[in-house]
Amino acid sequence: MLEKLFDLSARKTDVRTEVIAGITTFMTMAYILFVNPSILGSAGMDKNAVLLATAIGAGLVSIMMGLFVNYPIALAPGMGLNAFYAFSVVIGMGVSWQVALGAVFISGLIFILLTVTQVRQLLVEGMPNSLKHAITVGIGLFITIIGLKLSGIMSIRLSLIPPTLEKIVAAKGNGTPLSFETIIEMGKFTHPEVLLAVFGLIFIAVLMARQIKGSILIGIFTTTVLGILMGIVKIPAGFSPVAMPDFSRNAFFALDIMGALNMGLMAIVFTFTFVELFDTMGTLVGTASKAGIMDKNGKFPGIGKAMLVDATGVSLGAMLGTSTITAYVESAAGVGAGGRTGLTAVVCGVLFLLALLFTPLAGLIPDAATAPALIIVGALMLESIRNIDFGDFTEGLPAFLTIVLMPFTYSIANGISAGLVMYPLLKLVTGRGREVHWIVYILAVLVVFRFVFLAE
């Protein structure tokens with residue numbers, strides 16, 4: 001049955017190899033089970049509810065990819081997109097997490113429409129390669145800063161002058177310090193939590209340098225165990241590592257679609273859609289290439305169905321209670337272990353569902369254990385910077401602005417917007433306007449209108 005369903009022989013693989021590949025993929029991306037609740041929990045969401053949504057969403061959509069597309073690609077809530085959801089939309093803009101989920105759901109519907117109408121391929125074709133890579137790098141730095149803050153390795157100190165302090169007190173804690181009143185510095189290494197995070201960072205780095213499969217997941221567990229021994233992590237009375245998941249604490253169908261529409265969050269919807277668009281395209285094509293799923297004409301059979309499953313996962317994730325579900329580049333680890341068919345994705349998806357039985361363990365994972373994972377993932381995402389031609393100023397500056405504005409303005413949307421405006425502008429003033437795809441000009445105009453509209 002498996003031979004007929006996944007066409008194993010034609011892709012020169014077998015059940016054993018596919019199962020091992022599926023386990024490998026799961027080990028490399030299972031950290032999202034602990035990191036996603038930490039990030040979305042910062043936005044006021046119940047961590048247990050996020051864990052349920054993460055495990056169920058990743059499990060179901062990965063199984064869909066395996067059964068309906070026969071691609072060895074697993075999916076889960078995307079790193080970077082969850083950071084944008086929590087820190088830029090919910091915390092930064094003051095939008096409720098229910099309304100933010102509504103925006104994610106709408107972006108999924110738009111994504112499905114773009115996929116069915118083939119517009120998705122046009123957008124990917126028109127986007128400059130330098131900006132595609134810059135978006136990945138920028139998100140990597142953004143994730144890194146979040147990890148550094150959570151770990152305590154980076155500290156932000158305020159040194160307020162009396163007038164600023166008076167204004168902030170009068171506004172009940174709300175206010176913007178002057179530029180010289182905010183100081184970014186190294187954290188206190190006398191704090192046990194910081195030392196634990198540093199250990200986790202070094203330990204994961206050593207494992208990855210030695211190419212140990214599941215390095216991040218092993219690092220999270222080991223750091224947590226050390227945290228228990230150090231007394232940083234407290235084990236509650238009657239604790240059991242295995243238990244039936246608490247489905248009473250869920251965020252199923254808690255999204256507020258009408259709220260998202262009434263608040264005019266189209267700029268947010270656009271950013272969700274835009275970032276997901278290129279992230280997914282790169283992952284699908286890159287992983288499928290490594291898996292040998294490419295015909296003699298350089299095309300990928302089933303790529304349209306793969307995009308449709310991915311797009312469906314976006315809205316499904318929102319209904320379950322998590323940010324955008326997307327294809328994971330960590331799937332390449334399973335391909336490296338021999339995965340060639342959808343059976344790899346199915347095995348990975350089943351493991352995500354089984355992980356629900358171990359939800360009590362997630363409650364023990366401290367920020368000091370998940371923060372190093374964020375820093376490491378951020379480092380991995382910086383690999384794309386080698387593909388940017390900084391020798392060409394019209395390519396380098398837009399990419400640079402895209403990269404630096406994401407972490408330094410704490411907004412992925414700001415970075416993307418800056419790149420989209422600066423790229424066509426510099427090409428036009430240097431007489432190279434024809435190098436820019438017409439759709440980029442449209443996107444640039446939309447970005448300008450967005451900032452003018454939100455200027456107030």
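Buried, for this talk, means under 20% relative accessible area, with exposed over 50% and partly exposed in between. The model is a predicted one.

I start with one residue, Thr24. Thr24 sits in helix α2, which covers residues 15-29. Its relative accessibility is 6%, so Thr24 counts as buried. What does Thr24 touch, once residues up to four places away in sequence are not counted? The contacts are Lys213, Ala333, Gly334 and Ala337.

Next, the salt bridges. By the rule used here there are six salt bridges. One of them joins the side chains of Arg249 and Asp46, with an N to O distance of 3.1 Å. That pair links distant parts of the chain, 203 residues apart. Arg249 lies in the loop between α11 (215-230) and α12 (257-262), and Asp46 lies in the loop between α3 (32-41) and α4 (47-69). Are these two residues buried or exposed? Neither label applies: Arg249 has 40% relative accessibility and therefore counts as partly exposed, and Asp46, at 32%, is also partly exposed.

Now to Glu435, which takes part in two of the bridges I want to show. With Lys427, the closest N and O atoms are 2.9 Å apart. With Arg432, the N to O distance is 2.9 Å. How do the partners stand in terms of burial? Glu435 is partly exposed, because its relative accessible area is 44%. Arg432 is partly exposed at 25%. Lys427 has a relative accessible area of 0%, so Lys427 is buried. On your screens, then, the Glu435 to Lys427 bridge runs from a partly exposed residue to a buried one. These three residues belong to a network of salt bridges that also takes in Asp392 and Glu395.

Last, the nonpolar side. In soluble globular proteins, nonpolar side chains tend to be buried together. How many residues does the largest nonpolar core have in this model? The count is 106. The residues with the most contacts inside that core are Met65, Tyr71, Met79, Tyr85 and Phe272. Which helix gives the most to this core? That is α4, with eleven residues. There is also a second, separate core of six residues, among them Val137, Ile388, Ala399 and Ile403.

To recap the places to look at: Thr24 in α2, the Arg249 to Asp46 bridge between two loops, the network around Glu435, Lys427 and Arg432, and the core of 106 residues beside which a separate core of six is listed.

How values were computed:
Residues are numbered from 1 along each chain as its sequence is written. This is a predicted model: local features need pLDDT of at least 70, side-chain atom pairs count only at pLDDT 80 or more; totals for chains, interfaces and linings use all residues. Side-chain values use heavy atoms; hydrogens and water are left out. Helices (H or I, at least four residues) and strands (E, at least two) are DSSP runs, numbered from the N terminus. Buried means under 20% relative accessible area, exposed over 50%, partly exposed in between (1.4 Å probe, protein chains only). Contact means heavy atoms within 4.5 Å. A salt bridge is a side-chain nitrogen of Lys or Arg within 4 Å of a carboxyl oxygen of Asp or Glu. A nonpolar core is a set of buried Ala, Val, Leu, Ile, Met, Phe, Trp, Tyr and Cys residues joined through side-chain atoms within 4.5 Å.
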